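Trainee: I've got a new model open on my screen and would like to walk through it with you. Can we take it piece by piece?

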Amino acid sequence: MTTSPDGLPLAATGRTAQSVVLEAAHYAGKIHLQYFRGDHLGAREKRHADVVTDVDISIERELRQLLMREFPSAGFLGEETGESEGDSEYTWTVDPIDGTANFVRGIPHFATTIALLKNDAPVLGITYDAIRKDTFFAAAGRGLTLNGVPMKPNYATSIEEANLGFDIGPEEDLNVRAFDIIRSLLPMYRARLLGSAALGFAYAAAGIIDLYFHLALKPWDVAAGLLFIQETDADAVSIDFDGAPATPWSGSYLVGARNLLERMRTA
Ligand code: IPD
Ligand code: CA
Ligand code: CA
């Protein structure tokens, strides 16, 4: 695969990976707005407490076509259309709507999130919130930007002052554990159940919140967000609940202010 001066693969049409991924995420956002609070979403449960719509599936199909046309030797890993192996070290991950449960009920907090992995490590990532027109973007070694502006977090120094985001999923035992963690951190006053893990990671990287945790996420939920955290600052870290550095396959995640994470992990 030909690479451009930024070290990332060039698209078949000669465009940069950054330009293609921005187009892909913003296209997805346009579709979000077209259907948001509309009548014909085709919402149903994939499994207990895990909802999908026709909009998720059609966006992912279109993004997959675009990315595979532009990067034919890359692999693909999408929430709704599955995995295909490529014949290069690159793989795209796509979550067409992260926060579908919010989207379906008309709660304006969800995003598209796309990442490019090189040998399983994220090197390019975007999370786009079409409602607020917020584009979180990072390329390895080039920092995190929010709408083109470089972001550096300025974290709270104690759990009492921290804004802590978290989310729960379909697994009841893990949800009990998540609420036990919150309970054991009391007194703390600003816990936020956000409903989009991708935005939770992006907010924690940008310092909009101080911490975010989740006990069961997938690579397509977190790949862009892990890069945001890595690209932000030495004060921001991502670990799993064993305390190991997080990867897209860790499953459980604690991200944000380094000085507060260990307290949360052992809560
Ligand atoms: C979900 C969201 C939610 C989290 C769930 C995820 P989806 O993704 O990120 O915040 O709690 O565990 O599955 O299904 O809306 O793409
Ligand atoms: Ca998701
Ligand atoms: Ca999704």
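Trainee: Let's begin with strands. In what order do the eight strands of the open sheet run?

Mentor: Keep in mind that this is a predicted model. The pairing in this open sheet is mixed. At its edges you'll find β4 (82-84) and β10 (149-150), each pairing on one side only. Reading across the eight strands, the order is β4-β3-β5-β6-β7-β8-β9-β10.

Trainee: Which residue of β4 does Phe 76 stand opposite?

Mentor: Look at how β3 (residues 75-78) and β4 are paired: they're antiparallel, over three bridges. Within that pairing, the residue facing Phe 76 is Ser 84.

Trainee: And which strands does helix α2 touch when it packs on that sheet?

Mentor: Helix α2 covers residues 54-70. Its direction makes about 155° with that of β5. The strands it touches are β3, β4, β5 (90-98) and β6 (111-118).

Trainee: Ile 57 caught my eye. How far apart in space are Ile 57 and Asp 95?

Mentor: Ile 57 sits in helix α2. Leaving out residues up to four places away in sequence, Ile 57 touches Arg 44, Val 52 and Glu 80. As for Asp 95, 38 residues of sequence separate it from Ile 57, and the C-alpha to C-alpha distance is 9.9 Å.

Trainee: On to the five-strand sheet. Why is one side of β12 and of β14 left without a neighbour?

Mentor: This sheet is open too, with mixed pairing and the order β12-β11-β13-β15-β14. β12 (190-193) and β14 (236-239) stand at the edges, so each has a single partner strand. Neighbouring strands here are turned by 15° against each other on average, direction ignored. The reason you're after is the edge position of β12 and β14.

Trainee: Which residue in β12 stands opposite Gly 165?

Mentor: Strand β11 (residues 163-166) pairs with β12 in the parallel sense, over four bridges. Helix α4 (residues 172-184) packs on this sheet and touches β11, β12 and β13 (211-214). Opposite Gly 165 you'll find Arg 192.

Trainee: Now the ligand. How much of what ligand 1 exposes alone does the protein bury?

Mentor: 14 residues surround ligand 1, and the closest are Asp 98, Gly 99, Thr 100, Ile 168 and His 214. Oxygen atoms of ligand 1 come 3.1 Å from a side-chain N or O atom of Glu 79 and 2.9 Å from one in His 214. Of the 370 Å² that ligand 1 exposes when taken alone, the protein buries 86%.

Trainee: Are α5 and α6 roughly parallel or antiparallel?

Mentor: Two packed helices are described by the angle between their axes and the distance between the axes. For α5 (residues 197-206) and α6 (residues 219-232), the axes come within 8 Å and cross at roughly 0°. Among the residues that meet are Phe 201 and Ala 205 in α5, with Leu 226 and Phe 228 in α6. Angles under 35 degrees count as roughly parallel, so the verdict for α5 and α6 is roughly parallel.

Trainee: Last one: which residues does the cis peptide bond join?

Mentor: Check the loop between α4 and β12, where Pro 187 is placed. The omega angle of the cis bond is about 5°, and the two residues joined are Leu 186 and Pro 187.

Definitions and conventions. Residues are numbered from 1 along each chain as its sequence is written. Chains are lettered from A and ligands numbered from 1 in the order in which they are written. This is a predicted model: local features need pLDDT of at least 70, side-chain atom pairs count only at pLDDT 80 or more; totals for chains, interfaces and linings use all residues. Side-chain values use heavy atoms; hydrogens and water are left out. Two strands pair if DSSP finds at least two bridges between them. Helices (H or I, at least four residues) and strands (E, at least two) are DSSP runs, numbered from the N terminus. Axes are lines fitted to C-alpha atoms, for helices over the stretch in contact, and angles run from 0 to 180 degrees between N-to-C directions. Contact means heavy atoms within 4.5 Å. A residue is near a molecule or strand if one of its heavy atoms lies within 4 Å of it. A polar contact is a pair of N or O atoms within 3.5 Å; within protein, one must be able to donate a hydrogen and the other to accept it, and residues adjacent in sequence count only if both atoms are side-chain atoms. Accessible areas come from the Shrake-Rupley method with a 1.4 Å probe; for residues, only the protein chains shown count as cover. Angles under 35 degrees count as roughly parallel, over 145 as roughly antiparallel, 65 to 115 as roughly perpendicular and the rest as oblique.
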